[in-house]
Amino acid sequence: AFIMNDLARLVNYIIALFYCATTKIILDIIMSSCNNTDVKKKTPSTNLPWVGYARVSSREQAESGLSLEAQEQKIRAMSIVKSVILEEIIVDAGESAKSLSRPGVQKLMSMIRNREIAGVIIAKIDRLSRSVKDYGELIDLLNSYDVSIASTTEQMDTSTAGGRMVLNVIIAFSQFEREVG
């Protein structure tokens, strides 16, 4: 059974390579997954689907590699690597992350409160929020409904104190960049 699980994981990685436009994205995900052996899936046994969340706030971001298409590719690849069902990718185009008053985030929060999803995949932490206060609110909501969050860029485990601390530092820098830039 152990070998079959490894084989199934390998097959998932190979399938992911064919679904992505760039091999580098997949290799980064695979390497970070292999290096993070202590991550525990918090997915409930109900087999609820996951959703992705993508956002751009400007045309410059769309042209600099943070395009919605690039984010969606990373999210789809991560869903394959994690072997989860990706029901949809919620998109906020042309929206700033300075507050949670965005249609996509409101939909995401509603899905969490209605217990419709097991997890959220994002391409980068600052796509969801660039406010320490708002991210804290989101993490509290995710934790209270036992919904996981996965980033294709940053490795994090919000179920540990150390993981929450690292997340807070990353978000603090994102907020700083938003405020000065």
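A salt bridge is a side-chain nitrogen of Lys or Arg within 4 Å of a carboxyl oxygen of Asp or Glu. Keep that in mind, for one of our stops is a group of five residues, Lys-124, Asp-126, Arg-127, Arg-130 and Glu-177, linked in a network of salt bridges. One more thing before you click: the model on your screen is predicted.

**Stop 1: the whole protein**

Start with the cartoon view and nothing selected. You are looking at a protein with 8 helices and 4 strands. If you trace the chain along the sequence, the pattern to follow is α-α-β-α-α-β-α-β-α-α-β-α. Of the 181 residues, 43% are buried. The fold also brings together distant parts of the chain: among contacts between residues at least 6 apart in sequence, 72% join residues at least 24 apart.

**Stop 2: the salt-bridge network**

The structure holds 6 salt bridges. Select Asp-126 and show its side chain, then add its partners one by one.

- Lys-124: this residue forms a salt bridge with Asp-126, and the closest N and O atoms are 3.8 Å apart.
- Arg-127: here too there is a salt bridge with Asp-126, with 3.1 Å between the closest N and O atoms.
- Arg-130: a salt bridge joins this residue to Asp-126, the closest N and O atoms being 4.0 Å apart.

Now add Glu-177, which belongs to the network as well.

Which of these residues are buried, and which are partly exposed? Buried means under 20% relative accessible area. Asp-126 has 5% relative accessibility, so it counts as buried. Arg-127 is buried too, with a relative accessible area of 1%, and Arg-130 is buried at 15%. Lys-124, in contrast, has 29% relative accessibility and therefore counts as partly exposed.

**Stop 3: helix α5 against helix α7**

Next, select residues 103–113, which form helix α5, and residues 132–144, which form helix α7. Turn the model until you can look along both helices. Their axes are 9 Å apart, and the two helices pack at an angle of about 25 degrees. Angles under 35 degrees count as roughly parallel, so α5 and α7 are roughly parallel to each other. Their crossing is left-handed.

Show side chains where the helices touch. From α5, pick Met-109, Ile-112 and Arg-113; from α7, pick Glu-137, Leu-138, Leu-141 and Leu-142, which they meet. How many residues of this contact are nonpolar, and how many are charged? The contact has 5 nonpolar residues, 2 charged ones and no polar ones.

**Stop 4: helix α7 against helix α8**

Keep α7 on screen and add residues 161–180, helix α8. These two helices pack at an angle of about 145 degrees, with their axes 9 Å apart. On the α7 side, show Val-132, Tyr-135 and Ile-139; they meet Leu-167, Ile-171, Ala-172 and Gln-175 in α8. Sorted by class, the residues of this contact are 6 nonpolar, 1 polar and no charged.

**Stop 5: the loop between α4 and β2**

Go back along the chain to helix α4 (68–82) and strand β2 (86–93), and select Val-84 in the loop between them. Is Val-84 buried or exposed? Val-84 is buried, with a relative accessible area of 17%.

To see what surrounds Val-84, show Trp-50, Ser-79 and Ile-121: Val-84 touches these residues, leaving aside those up to four places away in sequence. Trp-50 is worth a distance check in your viewer. Val-84 and Trp-50 are 34 residues apart in sequence, and their C-alpha atoms are 6.7 Å apart in space.

Ser-83 sits in this loop between α4 and β2 as well. Ser-83 counts as partly exposed, with 46% relative accessibility. Check its backbone too: phi of Ser-83 is near 55 degrees, a positive value in a residue other than glycine.

**Stop 6: one more loop**

For the last stop, move to the loop between α7 and β4 (148–151) and select Asp-146. What is its phi? Asp-146 has a positive phi of about 55 degrees, although it is not a glycine. At 37% relative accessibility, Asp-146 counts as partly exposed.

Technical notes. Residues numbered from 1 in each chain as written. Predicted model: local features only at pLDDT ≥ 70, side-chain atom pairs only at ≥ 80, totals over all residues. Heavy atoms only, no water. Buried < 20%, exposed > 50% of the residue type's maximum accessible area, 1.4 Å probe, protein only. Axes fitted to C-alpha atoms, helices over the stretch in contact; angles between N-to-C directions. Parallel < 35°, antiparallel > 145°, perpendicular 65-115°, else oblique. Left-handed = near helix turned anticlockwise from the far one by under 90°. Contact = heavy atoms within 4.5 Å. Nonpolar A, V, L, I, M, F, W, Y, C, P; charged D, E, K, R; others polar.
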